[in-house]
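Dear colleague,

I am passing a structure on to you with this email, and I would be glad if you could look it over before reading my notes underneath.

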Amino acid sequence: MQDLDEIVHMLSDDVLGNKRELYKQPLPESYIKAFQSIDSDPNNELIVACFGEEIIGVQQITFTPYITYQGGWRATIEGVRTKSSERGKGIGSKLIQWAIQRAKKRGCHIVQLTTDKNRPDAIQFYEKLGFKTSHEGLKLHCDK
């Protein structure tokens, strides 16, 4: 929980993130509740990359059982961010490679992720790591 402030700061520190995240002090209760839910769920993991005591990267991995693929499990990677001062140093690659290995250890047959179509550099980054554009994704935002 002590890292949550820095995690939310990283999530908000990019062109798209600063439009959808609300980084302020104190952090909104919604982030605290989400963290507690993730932390208490054995099929969700919030991973931080550190350099010494400094958090320099983050990602979330969710493990989901599916009826398809003969009842197989999938890993979904979300919220991948590297601290802006550390970008371009291979931290994101190490996070994703770590997540792939973690998914294999959990018996997943697919590792999937999404990225906004307005992030061409991110798409190219994931493709270099072996991900293929295989599906069209659709989202529906539900208003509160």
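The notes below go from the overall fold to the interior and then to the surface.

Please keep in mind that this is a predicted model. The protein contains six helices and four strands, and along the sequence these elements follow the pattern α-α-α-β-β-α-β-α-β-α. The C-alpha trace spans about 45 × 35 × 35 Å along its principal axes. For 144 residues, a compact globule would have a radius of gyration near 15 Å, and the 16 Å of the protein agrees with that. Among contacts between residues at least 6 apart in sequence, 53% join residues at least 24 apart.

As for the interior, 33% of the 144 residues count as buried. The largest nonpolar core has 18 residues, of which Ile61, Phe63, Ala75, Ile77, Ile96, Tyr126 and Phe131 touch the most other members. At least two residues of this core come from each of strands S1 (44–51), S2 (54–65) and S3 (73–82) and helices H5 (91–105) and H6 (120–128), with H5 giving the largest share, six residues. Leaving aside residues up to four places away in sequence, Tyr126 touches Val80, Ile96, Leu113, Thr115 and Phe131. Another core, of six residues, lies apart from the largest one and includes Leu27, Tyr31, Ile32 and Phe35.

Turning to the surface, the accessible area of the protein comes to about 10,000 Å², and 53% of this belongs to carbon and sulfur atoms. The protein has 20 positive and 19 negative charges, whose mean positions are 6 Å apart.

With best regards

How values were computed
Residues are numbered from 1 along each chain as its sequence is written. This is a predicted model: local features need pLDDT of at least 70, side-chain atom pairs count only at pLDDT 80 or more; totals for chains, interfaces and linings use all residues. Side-chain values use heavy atoms; hydrogens and water are left out. A nonpolar core is a set of buried Ala, Val, Leu, Ile, Met, Phe, Trp, Tyr and Cys residues joined through side-chain atoms within 4.5 Å. Buried means under 20% relative accessible area, exposed over 50%, partly exposed in between (1.4 Å probe, protein chains only). Contact means heavy atoms within 4.5 Å. The radius of gyration is taken over C-alpha atoms; the globule rule is 2.2 Å times the number of residues to the power 0.38. Accessible areas come from the Shrake-Rupley method with a 1.4 Å probe; for residues, only the protein chains shown count as cover. Lys and Arg count as positive and Asp and Glu as negative; His and the chain ends are not counted. The place of a charge is taken as NZ of Lys, CZ of Arg, CG of Asp or CD of Glu.
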